[in-house]
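Visitor: I'm new to this one and would like a close look at a single part. Could you pick a spot, walk me through it, and then show me what lies around it?

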Amino acid sequence: MSFVFAGLLTPFRYEFFNNGIIVATIAGALCGLLGVFVVLRGMSYIGHGLSHAVFGGAAASAVMNVNYFVGAGVWGVASGVIIGRIARRRLIGADAAIGVVTTASFALGLALLNRYGQAKKSIEAVLFGSVLGVQTIDIVAVSAVAILSVIVVVALYRAFLFATFDPEVAQVSGVRVAWIEALLMGLLSLTILVTMRVIGTLLISALLVIPASVARMLTNSFARMLWISPVIGAVSAFTGMYLSYFLDTSASATIILTGTLMFIVVYAATGLRGRTRISGLHHI
Amino acid sequence: MDEVLVECAHMSCAYNSTLAIKNIDLTVRKGDFIGIVGPSGSGKTTLLKAILGSISPVEGHVTKKPQLRMGYVPQVETVDWNFPVTVLEVVVMTRSSTGHLPRVTKDERTDALLVLERLGLGGLENRHIRELSGGQQQRVFVARALFHQPELLVLDEPTSGVDVRTRHEVLHLLADLHDEGVSIILSTHDLNGLAAHLPRLVCLNSEIIADGSPVEVLTPEVLEQTFGAPMGVLIHGGMPVVVDGVGADIAKRMSRLD
C-alpha cells in the first residue's frame, strides 16, 4: 500500500515538476478567471489571436537573446496597437485585422526560429509548452499577474459586469467602457505572456474558454462564475499536469483534455439546462 | 416656462461621414413626454444617443442642464438574455461608479427592492432575467434606469417586438412615471399603439418633419413626408388612427366587391 502511495508521489520528487505544476495550477485559475469575460464577450478569437501574436515576440526574443518577457511583451502590445489601427480605418473588420496581424506574427516567429533558432526543439516548446523550462521567475510572474487580476476584477467588479453585459448603457451611465476594455485586454495579454511557456501557443485559448464554459453550465450567476471557473481551471491544470507524468504525454495537451472531459461530464449531467445556458455562447 | 433639460441646436450627427440626422432643433423641458417617430433608418436612435452623449454631433451642439441625471432603456432586442445575471444584479448595475465590490450593500438592496416593488416586480429579484415574461423584462430595464432617480428617462423602441398586453403595460407604466414627475423621451415606430397616446410627437426622417401634438402632426401630408408612403388618418374617440395607404386601398376595393 505504501509502495503505491509512494509511487503516486513520485513526480513531486522532481523540482522541475513541482515548478511546472505550481505554474500550471495558477495559470489554470488565472485563465479561468479572465476566461469568464472572454466567453461572455464572445472574444475567444482575440485570446487565440493574441497567443499567436505573442509567439512571434517569443521567437524574436529567443533569436536576439533578449529577455522573453520584454521581447514577447513589447511584441504583443505592438500587435495590439497595429490591430487597433487597422480596425479603426474600417477598411476591414476587426476580426480580419486580428487574423492578418496575428498569423503574420506567428509566421514570422516560425521563420525566425527555422532560420536562426534551434528550430525543432524551440518551436515545439513554444507551440505546445514545456514544463522543463519553467523557472522561479515564471512562478513569480504568473503569481503576480494572478494577484493583479483578482484585485482588478474584485475592485472594479460592477464596472466589469456592466461593461460586459451592456456596454452602451454602461457608457451612458458613467462607466469608462473603453478604459475597462483596455484594462481587460492588458490583463489578457499579460496572462498569455506569463502562461505561454507552460501551456503553449496552440492550446492557451482552450484554457481561456473551457473552464468558463463549464462554469456557465453550472450557474446562472456572474459572481459565482467568477470563482467556479478559476477552480475548474486550476483543477484541470493540476490534474492534467499530474496525469501527464504517468501517461508520458504533453502536459498542456493533457490539461486541455482533462478540461474537455470535465466539459463533457458537466454537459451530460446538466442536460437541457446546461445546454440552454451555453446556447448564447455562439463561439463555443 | 418649464426648465430646459436638453437643447439640440442645428445638430447634425454622422456615421463614417454619412449624415444620419441633420439640422435638428429640439428642446426637451422638465415634464415633457415626447415620442420620436419615423421609419427604420430615420435617425431615431441616433438622436437619442446624441441626447445621451454617447455620440457627438458633427455640427451644432447639444446643451444639457448641468448634472442632469438621465436613465436609458435600450431596445430589448439588443439584450443578451442568456447572460448570467439576476434581476437584482441588473438593477444595481447603474451604481458602478460608486459601488465597486460584488456584494450588494443593504442600502442598495433596499433601494432596488423599492424600485422593483413600484414596478410590480416584487419577489422577482433573485430570478434570472430569461425567466421573466416580455413585460417583466422590459420593466426590469426601466427599473435599472430609475434606480439612480433620473430626471429624464430615455427609451429606445420600448414596445418593439412585444405583444399587445405588454405594450399596454409599458404605456401605463410610462404614464404613471410621467405623472410622478419623470420627463420622458422615447423612440417608436408604433404609431397607433404608442405614439398617438403621447402628448407630443416629433416626426423624424433624417431631419425634423413636424413637432407637436398627435392631432397636429399625424396628418396624411406629414406622414407621407416622414415615412415616404401614402397613409390615411381617421379620428376615433378624439384620437388620430393611422391607416396604411395600401391597406386602405385594399379595404376600399374589398368593399366594392361586397
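Guide: Let's start with a small detail in chain B: a polar atom of the side chain of B:E108 lies 3.0 Å from the backbone nitrogen of B:T105. Keep in mind that this is a predicted model. B:E108 sits in helix α3 of chain B, which covers residues 106–118. Is B:E108 buried or exposed? Its relative accessibility is 6%, and since anything under 20% counts as buried, B:E108 goes down as buried.

Other helices of chain B are worth a look too. Take α1(B), residues 44–52: 8 of its 9 residues are buried, so the rest of the structure largely encloses this helix. Among those buried residues are B:K44, B:T46, B:L47 and B:L48. Just after α1(B) comes B:G53, with a positive phi near 90 degrees.

Now move along to α4(B), residues 134–146. With 13 residues at 1.5 Å each, you'd expect a span of 18 Å, and the end C-alpha atoms are 19 Å apart, so the two figures agree. This helix is mostly covered as well, with 12 of its 13 residues buried. The buried set includes B:F141, B:V142, B:A143 and B:R144.

Hold on to B:R144, since it takes us over to the other chain. B:R144 forms a salt bridge with A:D166, and their closest N and O atoms are 2.7 Å apart. How many salt bridges does the rule find across the interface of chain A and chain B? There are 3. The rule also finds 5 residue pairs in polar contact across that interface.

On the chain A side, α7, α8, α9, α12 and α13 each supply at least two residues to the face that touches chain B. The biggest giver is α8(A), with 7 residues. Sort the residues of that face by kind and you get 15 nonpolar, 7 polar and 6 charged.

Stepping back to the whole meeting place, 28 residues of chain A are in contact with 32 residues of chain B. The two chains bury about 2500 Å² between them, and carbon and sulfur atoms give 61% of that. Three residues stand out here: A:R158, A:F165 and A:V172 supply 32% of the area that chain A buries against chain B, more than any other three residues.

Methods
Residues are numbered from 1 along each chain as its sequence is written. Chains are lettered from A and ligands numbered from 1 in the order in which they are written. This is a predicted model: local features need pLDDT of at least 70, side-chain atom pairs count only at pLDDT 80 or more; totals for chains, interfaces and linings use all residues. Side-chain values use heavy atoms; hydrogens and water are left out. Helices (H or I, at least four residues) and strands (E, at least two) are DSSP runs, numbered from the N terminus. The expected span of a helix is 1.5 Å times one less than its number of residues. Buried means under 20% relative accessible area, exposed over 50%, partly exposed in between (1.4 Å probe, protein chains only). A polar contact is a pair of N or O atoms within 3.5 Å; within protein, one must be able to donate a hydrogen and the other to accept it, and residues adjacent in sequence count only if both atoms are side-chain atoms. Contact means heavy atoms within 4.5 Å. Buried area is the accessible area (1.4 Å probe) that two parts lose on being put together, summed over both. A salt bridge is a side-chain nitrogen of Lys or Arg within 4 Å of a carboxyl oxygen of Asp or Glu. Ala, Val, Leu, Ile, Met, Phe, Trp, Tyr, Cys and Pro count as nonpolar, Asp, Glu, Lys and Arg as charged, and the others, Gly among them, as polar.
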